[in-house]
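I opened this model to look up the ligand site. I also wanted one residue checked for burial.

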Amino acid sequence: MVIAVYPGSFDPATFGHLDVIRRASYSFDKVIVGVLNNSAKSPLFSAEERVNILREETADIPNVYIKSFTGMTVNFARENHAKVIVRGLRAVTDFEYELQMAQTNRVLAPDIDTVFMTTSLEYAYLSSTIMKEVALFGGDISRFAPPATLRAVKEKLACKQK
Ligand code: ADP
């Protein structure tokens with residue numbers, strides 16, 4: 001049984017993330033999505049909110065589980081008996097950081113490998129940051145993320161405007 005973890009901020013999840021999760025679910029027996037609970041990054045959504053959004057959006061994929069974690073990804077992988085860390089690659093701009101991260105994790109945990117999934121072309125431009133910016137300026141984000149994300153963003157912006 002090959003277990004993979006897919007760590008990230010997911011603040012909040014986009015179609016790009018969901019595409020990686022779904023494709024990883026075909027290649028691995030179990031995919032555990034790790035929502036990084038890192039207050040230093042000052043996310044728009046709490047870890048609990050990000051977990052709930054992802055749970056709703058992956059409810060139809062039986063071998064996908066959503067958890068939050070703090071600290072190092074390699075420890076999260078070990079705690080979940082995962083041998084693989086999945087990350088997504090959109091463009092060369094992602095590459096340098098991702099390579100450095102993968103190599104660091106390899107030094108820390110030689111028994112765990114990082115596997116990169118290249119983005120589907122239709123989501124190559126998409127990031128949570130860009131999506132939030134569009135939403136903040138009142139733009140339509142319905143082509144960027146599934147309904148649970150859209151609802152959560154709408155509620156969060158309404159709260160912020162009060
Ligand atoms: P982090 O802060 O860890 O980069 P993100 O939530 O931004 O967290 O991204 C988590 C992972 O998903 C990263 O590996 C990132 O490259 C990947 N990712 C984000 N957006 C996309 C996308 N549109 N297509 C493919 N992978 C993506």
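My notes below go from the ligand outward, then to a single strand residue.

**Entry 1: the shell.** I note at the start that this is a predicted model. I listed the residues around the ligand and found 17. The closest are Y6, S9, F10, K41 and G88. I then sorted the shell by class: six residues are nonpolar, six are polar and five are charged.

**Entry 2: polar contacts.** Which side chains place an N or O atom by a nitrogen atom of the ligand? I found R90 at 3.3 Å. I also found T119, at 3.0 Å. Next I checked the backbone. An N or O atom there, from Y123, lies 2.9 Å from a ligand nitrogen.

**Entry 3: cover.** I looked up how much of the ligand the protein buries. The ligand exposes 550 Å² when taken alone, and the protein buries 89% of that.

**Entry 4: the site.** I asked where the ligand sits. It occupies the largest pocket. I then traced the shell back to helices and strands. Two strands, β1 (3-8) and β4 (84-89), each give two or more residues to it. So do the helices α1 (15-27) and α4 (92-108).

**Entry 5: I32.** I moved on to strand β2, residues 30-36, which holds I32. Is I32 buried or exposed? I read 2% relative accessibility for I32. Buried means under 20%, so I32 counts as buried. Last, I took the C-alpha separation of I32 and V92: 26 Å in space, with their positions 60 residues apart in sequence numbering.

Conventions: Residues numbered from 1 in each chain as written. Predicted model: local features only at pLDDT ≥ 70, side-chain atom pairs only at ≥ 80, totals over all residues. Heavy atoms only, no water. Near = heavy atom within 4 Å. Polar contact = N/O pair within 3.5 Å; in protein donor to acceptor, adjacent residues only side chain to side chain. Areas by Shrake-Rupley, 256 points an atom, 1.4 Å probe, with all protein chains shown as cover. 1 Å grid on protein atoms, 1.4 Å probe; cavity = no way out; pocket = protein on both sides within 12 Å on 5 of 7 lines; lining within 4 Å. Sits in = over half its atoms within 2 Å of the grid points. Helix = DSSP H or I, 4+ residues; strand = E, 2+ residues; numbered from the N terminus. Nonpolar A, V, L, I, M, F, W, Y, C, P; charged D, E, K, R; others polar. Buried < 20%, exposed > 50% of the residue type's maximum accessible area, 1.4 Å probe, protein only.
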